[in-house]
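Please open the model in your viewer and keep the selection panel at hand. We will go from stop to stop, with something to select at each one.

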Amino acid sequence: MANPPQTTEQLLARHATYLPTHKPIAHFPADISAVKRMLIISCIDPRVIPEQIFGLEVNEVPVLRNVGGRARTAVWDVAVLDTLVDVAEVVVLHHTNCGATLNTDAHIASTLGARSERELAKYDVEGICFAADGIAASVRDDVAFLRQHPFVRKETRVVGFVYDIWTGGLERVDG
Ligand SMILES: [Zn+2]
């Protein structure tokens, strides 16, 4: 988009355009525990839209997005969702030219530690950032992290990909 919205008012103007196109969305099924879902963990980068990359429609695949698409940040949501529906498969999606490669864990820790050391102590800052040449490695780390996590069931399949923002291609890393 040439002019991305930068205020709530601009966002609401976009919504006004969307509203006439909206179609009612299906309710949860009566037996929600029987629902089998895959989910995607991806970066918040607005250049990387998993729904677009995989051609997803409304009510198909839940997507968790955070800085870098890191499993450590997402795992709590994966686990909580899995208490409600059967999370059968998790896809970890990192991408080339990710902003997380421009930041460092140390910079995050020192910046947020200056705001509140006590609050910072509640978070795991290690492993949010990764090297520009190590995107496949960051995916591999996250796949391994999820596979050994006590909240993630052994039956849940975990697969990892690197998305190339230039070509649109996917490199399957693990799983
Ligand atoms: Zn990113």
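Let's begin with a small puzzle: does Asn97 count as buried, exposed or partly exposed? Select Asn97 in this predicted model and look at its surroundings. Asn97 counts as partly exposed, because it has 14 C-beta neighbours inside 10 Å and 20 or more would be needed for a buried residue. You will find Asn97 in the loop between E3 and helix H4 (105–115). Check its backbone too: phi is positive, about 60°, although Asn97 is not a glycine. Most residues other than glycine have a negative phi.

For a second case, select Asn59, in the loop between helix H2 (50–53) and E2. Its phi is also positive, near 70°. Asn59 is exposed, with 9 other C-beta atoms within 10 Å.

**Zoom out**

Now show the whole chain as a cartoon. There are six helices and five strands, and along the sequence they follow the pattern α-β-α-β-α-β-α-α-α-β-β. The C-alpha trace spans about 45 × 45 × 40 Å along its principal axes. Of the 175 residues, 23% are buried. If you draw a contact map, look away from the diagonal: among contacts with a separation of 6 or more, 66% join residues 24 or more positions apart.

**Select the annotated site**

Next, select Cys43, Asp45, His95 and Cys98. An unreviewed UniProt entry gives these four residues the feature "binding site". They span 56 residues in sequence, yet no two of their C-alpha atoms are more than 9.2 Å apart, so they gather at one spot.

Stay with His95, which lies in strand E3. His95 counts as buried because it has 24 C-beta neighbours inside 10 Å. Beyond residues up to four places away in sequence, His95 touches Cys43, Asp45, Val48, Val162, Tyr163 and Ile165.

Then move to Cys98, in the loop between E3 and H4. Cys98 is buried, with 24 other C-beta atoms within 10 Å. With the same residues up to four places away left out, its contacts are Cys43, Asp45, Gly68 and Ile135.

**Walk around helix H3**

Select residues 71–82, which form H3, and colour Ala71, Ala74, Val75 and Val78: these are buried. Why do they sit on the same side of H3? They cover an arc of only 125° around the axis, which puts them together on that side. The spacing fits a general rule: an α-helix has 3.6 residues a turn, so residues three or four places apart point the same way.

Turn the view to the face away from the buried side, and you will meet the exposed residues Trp76 and Val80. On the buried side, the residues of H3 pack against strand E1 (36–43), strand E2 (63–66), strand E3 (86–95) and helix H6 (135–148).

**Finish in the core**

Finally, select Ile41, Val90, Val92, Leu93, Val139 and Phe161. These have the most contacts inside the largest nonpolar core, a set of 29 residues. E1, H3, E3, H6 and strand E4 (157–163) each give two or more residues to this core. Which element gives the largest share? That is E3, with five residues.

For a close look, centre on Leu93. Leaving aside neighbours within four places in sequence, Leu93 is in contact with Ile40, Ile41, Ser42, Pro50, Gly69, Phe161 and Tyr163.

Technical notes:
Residues are numbered from 1 along each chain as its sequence is written. This is a predicted model: local features need pLDDT of at least 70, side-chain atom pairs count only at pLDDT 80 or more; totals for chains, interfaces and linings use all residues. Helices (H or I, at least four residues) and strands (E, at least two) are DSSP runs, numbered from the N terminus. A residue is buried if 20 or more other C-beta atoms lie within 10 Å of its own, exposed if 12 or fewer, and partly exposed in between; C-beta atoms are placed from the backbone. Two residues are in contact if their C-beta atoms, placed from the backbone, lie within 7 Å. The arc is that of the directions from the helix axis to the C-beta atoms. UniProt positions are given in the numbering used here, feature names are shortened, and annotations may be inferred rather than shown by experiment. A nonpolar core is a set of buried Ala, Val, Leu, Ile, Met, Phe, Trp, Tyr and Cys residues joined through C-beta atoms within 7 Å.
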